[in-house]
Each structure stands twice: as C-alpha cells, then as structure tokens.
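Biologist: Please show me the model, and then let us go through its aromatic contacts and one of its helices.

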Amino acid sequence: MLRVSLLLSAAAQTVFASQVFGAFDSNPSDGRTVNPEPNEGRAAIRCCTNKYCRSKDLNNKCLGESASIEEAEAACARMDMRLCNNEELHSGMCKGTGCGYDRHPVWGTVAIPDGSCSSQSIPAPMKSSAAVRCCSTDGSTCTSLSPNSNTCLGEVSSYDEAEAICTSINMRTCTRSEVASDLCCGTGCGYNLKPVWSDEDKIKQKLFKKPSAPHLVFFLIDDMGYADVGFNGGKAPTPNIDRLAGEGVILTQSYADRVCGPSRSALLTGRYPVHTGAGPLNLLPNQPMGTPLSEVFYPELLRDAGYRTHLLGKWHLGLCHEKYTPTFRGFDTFMGILLGSGKHYDHTEAFWGNGAQYPDLRNGSTINEMASIVQSTEYSTELYTKEAERLIRNHAAEVTSDPFHLLLSYQAIHGPLEAPKKYIKSFKNKGHSPNREKLFGMISYLDHSIGRVEKALKDSNMF
C-alpha cells in the first residue's frame, strides 16, 4: 500500500455498451454487455485503467456523452486512460462511479477473445487476487475447471492458496510460459482476461513481506504555483502530476506561506510558523538559527513508529549546529542542500554579505551524523530522482516489513532558472520569454522525474 502526496507553493471492435441499474449481467451470451438502443447515437463515457474506473474528468466534472467512439477514446486519452471493456463495465469497478451512468448506455469495447494469453499479467504477490489454472505433472494438460464439479477453480489472494487447490486435484501450478501458451489459453472461465498465478510467483511471494503500515512518498515542489500544473491550466504539460491528482484528492482550501522556508517548517511541525519562530521570512545563510529544537518534526514520529525515513533535496530549516540538520530531526538518511537556493548544476550558493559561492551539496549522512559536502555537476532534479530510485530498490531488496517514507523535496522550480537544454528547447518559438522557456523546461523535467519515481515504486511492488 502506498500513499502519494504532492504539495504545490486495443484495436478491438467497438460497440455500444451499457449498464442497467439493478440488472447487471456479468456473463452475457454474446460476450458483450447488455446493449439497449443508444439515445440518438450517443452514449456516456467511462474510462478505465487496469485498477479503477472513472466517470469524471480531472476537474471532477462528469465526462458526459459523445456521439462517436473516437470522441470517447479521446476523452479517456486526455487522462492517460482507455475505454473500459465490457467485462469492466459490468463489474463493481465501474458500478456507482457517479454521474448516473449506471442507467445510461456507455461506450465500451468488446472483451478480448478467450485465446489471447501472451500479455497476461501476474499480480504482485500479496497485493491482489488472481485466477487459478492447474497443469498436469507431465505438462500435457491445463485446466481452469475442477474435475469433480466442473466449476471454475476461482480466484485466490496468494500463491500458496493456488498451489493447494492444484495439489488437491493431483495437479501442480503452471509455469509462467504454460500460462501464456496455447496449453492453457482458452481453457474457460474467462481467465485469459485475468491475472493468473504461476510458479514464478512462489519465489516472489517468499521474497515479499507486506509492510506493517503504508509506504509514504511526499513530493514537495519548491515555488510551484497554482497555475503551474496542467490540471489547473498550466502551459507546461504535467501528465504524471495530473494523473496522480486525478486518482487522488485535490485540496483546494489549503494555504502555504509566501516563502519556502516557513512553509517547510509548517509541513514538518504541523504548526504555523508564527508559533515556532520559523517566519515570516526565510533563513539567511549566515543566520545562527533554525526551527527550534523543542519542536517535534513528523519524521521523528514516523521513525518511532517503525518507518525507514529518507529526505532528498532541499532542507532550509537550519544549519548553525548539526542538531538542526535532517538526520538529527527524524530522517535516517539525507542527500541534498541545507541552504535555500543552490544552483542546480554546480550546487553552490552565495552566502549573504560577501557574494562568494560556497558548495552546499551533501550526502552520506546517517542517524545523528551531519552530511558531508560532495562534488557533482549533475542537474539537481536528476540527482535526487536517481537517488530516490536507488533508495526504493534497496528497500525492496532488503525483504523488510518496515514501512518506507521518502520526502522528495525537489529544489525545482525554485530559482535560479536552469534545466536540461532539450527540455528548454521544446518550448522555444512558442511565444514565451527566455525565462518562461526555462521555467517550463524545469516543470516538464520535474513531471517526467515524478513518473520515474512512481514506476520505481511499482516495479518494486511498493505502490
């Protein structure tokens, strides 16, 4: 289980498909959903991923009706989703998702014929259920039916349960290649359309331990404004951020301080900066102060609750003494800058007063040890994203039930305005000023990086 937060400063035949309230038929004889006459050629739009169904767009407005399948497909594509197939439209995944569409004709696609197993997915162990197919010891036969009752073997939530069912009928679980081959394809029960357990999952399940609490990943994006994201009309595309927002909850009545340091203090302490002495202005590099040590930071509480806690990116909450730095205030590890606005490539900052540039990129810290200065010329967003991917992979490889927390506190899009050249170039000749081109390049690269972190979590069975 994962909680993700963001803080802002197939060419199948198409048919009309519908859901009739109170009259769902999960196994229609023609393999399609109930199909009443469409209202003047129009039908409602519902969009699906493999995990959920939506009847509303990213602004929480009903998707409405369209007169053609192409319009419906385009509406779903704008949310990085697809049209639902008829099995999904009949399932509980789509039922009750709002807008009254349970009573309307709904665009859908004909289910993939039973006989196509090549892309059949296997679930992450302990995370979801999957169907049971059993194979003979010599590998000559495969079945989805119980030989005693001729009923479907069903779905179970673990490999061990699947193995027990196959053993009870003197068979074994199939190999991954058998599940995807003609041997098992088309053996009934509609299992070609579902994840199916295979022997590959026996190894995965033994390596996977369910966390004792949800993994927590928090993206803190520095100086990003309300209209800097796509779902609020931003001019730089942010498809990954938009999708996460659409799948989650958008808080529209929350406020941040006008500058970044006090906002960070409020996030870490849960208290207004005026009550902690952390505002109203940012700390200057040579100021001998920070958020008071009497204040408890939330990662301290998470660590006490068994979490592995990590901070990547910007701190800006005090460095006059080591006790004000991240690993003395609840984080197990830290890589990033302690000051407020370092350059994104050489990671230096000018100390107030003399204008000289001082290095501020630090890494290698452990609990109660201050991070040391390191040298790098890698772009800050890329640097923190690669380290986030490494932390996620390492946590998964440890086979631990300890929950994982990462505060990914990107420097972007705080100045100075710097981004990889190819990302800046993509916004040239579009009527933007040079500074806006750089800003949009920073936003675009940031969104791409958030997508990479999400993928790392999914690949590690931590999403």
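Modeller: This is a predicted model. Rings of Phe, Tyr and Trp, the last by its six-membered ring, pair if their centres lie within 6.5 Å.

Biologist: Which residues form one aromatic cluster together with Tyr379 and Tyr445?
Modeller: Tyr379 and Tyr445 pair at 5.5 Å centre to centre, with 80° between the planes, which is edge-to-face. Tyr379 lies in the loop between β20 and α10 and Tyr445 in helix α12, so the pair ties together parts 66 residues apart in sequence. The cluster that holds both is completed by Tyr345 and Tyr423.

Biologist: Is Tyr445 buried or exposed?
Modeller: Buried means under 20% relative accessible area. The value for Tyr445 is 9%, so Tyr445 is buried.

Biologist: How is the aromatic pair of Phe297 and Trp315 classed?
Modeller: Phe297 lies in the loop between α8 and α9 and Trp315 in the loop between β15 and β16, so their pair links parts 18 residues apart in sequence. Planes under 30 degrees apart count as stacked and over 60 as edge-to-face. With centres 5.9 Å apart and 55° between the planes, this pair is tilted.

Biologist: Which residue has its charged end over the ring of Phe297?
Modeller: Phe297 is buried. The charged end over its ring is 3.9 Å from the ring centre and belongs to Arg329.

Biologist: What arc do the buried residues Ile69, Ala72, Ala75 and Cys76 of α1 cover?
Modeller: Helix α1 spans residues 69-77, and these four are buried in it. They sit on the same side of α1, because the arc they cover around the axis is only 125°.

Notes: Residues numbered from 1 in each chain as written. Predicted model: local features only at pLDDT ≥ 70, side-chain atom pairs only at ≥ 80, totals over all residues. Heavy atoms only, no water. Buried < 20%, exposed > 50% of the residue type's maximum accessible area, 1.4 Å probe, protein only. Helix = DSSP H or I, 4+ residues; strand = E, 2+ residues; numbered from the N terminus. Arc of directions from axis to C-beta. Lys NZ or Arg CZ within 6 Å of the ring centre and 35° of its normal.
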